[in-house]
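Thanks for sharing this one. Below are my notes as numbered points, meant to be read with the model open beside them.

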Amino acid sequence: LWLLSVVTTIMDLKDIPDRWKRFNPEKPPYKYWPGRTRTQTLTWSFGALAGFGVLGFILYELSGRAAAANEDKVKEYARTHMTREQATMIKFQQEAWDRMAAQQRRKALGLPAAAHGSVEMKDPFDE
């Protein structure tokens, strides 16, 4: 209780400086790089946005070119070093992905889960 009374006597509201009276809207009190104007902040922000956008695009293009250059090497390596069982498993996996994608497309379009077959009877020997 004694400490609380000491703190309240030390901190009077009239002793706290009013920072809003000395606030300049053209030069807000920034923590980093103080003294800059709002225009400078806006310019640097858009400049950084554009610069990082260009950097991201350049990295995207470089990674795409590197992947395209290595694609032939990977295909050749897979062709020479893959067993028949691995190739069959990859083919089955790709077919399963295709089936799942088709089911999801049908579901998204509101169609039944499987396409209905034809009910017409056909003679297998008749051409």
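1. Let me start with Arg36, which counts as buried because its relative accessibility is 16%, under the 20% cut-off. Arg36 sits in the loop between H1 and H2. Bear in mind while reading that this is a predicted model.

2. What does the side chain of Arg36 reach at 3.2 Å? The partner is the backbone oxygen of Tyr32. The Arg36 side chain also reaches the backbone oxygen of Trp33, this time at 3.3 Å. It is worth displaying both polar contacts together.

3. Setting aside neighbours within four places in sequence, Arg36 is in contact with Glu26, Lys27, Pro28, Tyr30 and Thr41. Thr41 belongs to helix H2, so this list takes you from the loop that holds Arg36 to a helical residue.

4. Is Thr41 buried or exposed? Thr41 is buried: its relative accessible area is 17%, and the cut-off is under 20%. With neighbours within four places left out, the contacts of Thr41 are Tyr30 and Arg36. Tyr30 therefore appears in the contact lists of both Arg36 and Thr41.

5. Burial deserves a remark for the whole chain too. Of the protein's 127 residues, 2% count as buried. The protein exposes about 12600 Å², and carbon and sulfur atoms supply 64% of that area.

6. On the overall layout, the protein has 3 helices and 0 strands. Along the sequence the pattern reads α-α-α.

7. How far can you trust each part? The protein averages a pLDDT of 84, with 82% of the residues scoring at least 70. Confidence is lowest in helix H1 (residues 2-10), where the mean is 58. At the other end of the scale, helix H3 (residues 84-108) has the highest confidence, at 93. I would keep that contrast in view when discussing either helix.

8. How many aromatic pairs does a search of the whole structure find? The search gives 1. The rings belong to Trp33 and Trp44, with centres 6.0 Å apart and planes at 80°; that angle is over 60, so the pair is edge-to-face. The pair links distant parts of the chain, with Trp33 in the loop between H1 and helix H2 (38-81) and Trp44 in helix H2, 11 residues apart.

9. The two tryptophans fall into separate accessibility classes. Trp33 has 46% relative accessibility and counts as partly exposed, since exposed requires over 50%. Trp44, at 59%, is past that mark and counts as exposed.

10. Please also look at the backbone of Trp33. Most residues other than glycine have a negative phi. Trp33 is not a glycine, yet its phi is positive, about 55°. This is the residue whose backbone oxygen is reached by the Arg36 side chain, and whose ring pairs with Trp44.

11. Thr39 is another residue of helix H2. At 53% relative accessibility, Thr39 counts as exposed, because the threshold is over 50%. Thr39 and Lys27 lie 12 residues apart in sequence and 9.5 Å apart in space, C-alpha to C-alpha. Lys27 has come up already, as one of the contacts of Arg36.

12. Moving along the chain, Met82 is found in the loop between H2 and H3. Its relative accessible area of 31% makes Met82 partly exposed. Apart from neighbours within four places in sequence, Met82 is in contact with Tyr77, Ala87 and Ile90.

13. Finally, helix H3. What span does H3 reach from its first C-alpha to its last? With 25 residues, H3 reaches 36 Å, close to the 36 Å expected at 1.5 Å a residue. H3 is followed by Gly110, whose phi is positive, near 80°.

Technical notes
Residues are numbered from 1 along each chain as its sequence is written. Side-chain values use heavy atoms; hydrogens and water are left out. pLDDT is the predictor's confidence in each residue, from 0 to 100. Helices (H or I, at least four residues) and strands (E, at least two) are DSSP runs, numbered from the N terminus. Rings of Phe, Tyr and Trp (its six-membered ring) pair if their centres lie within 6.5 Å; planes under 30 degrees apart count as stacked, over 60 as edge-to-face and the rest as tilted. Buried means under 20% relative accessible area, exposed over 50%, partly exposed in between (1.4 Å probe, protein chains only). The expected span of a helix is 1.5 Å times one less than its number of residues. Contact means heavy atoms within 4.5 Å. Accessible areas come from the Shrake-Rupley method with a 1.4 Å probe; for residues, only the protein chains shown count as cover. A polar contact is a pair of N or O atoms within 3.5 Å; within protein, one must be able to donate a hydrogen and the other to accept it, and residues adjacent in sequence count only if both atoms are side-chain atoms.
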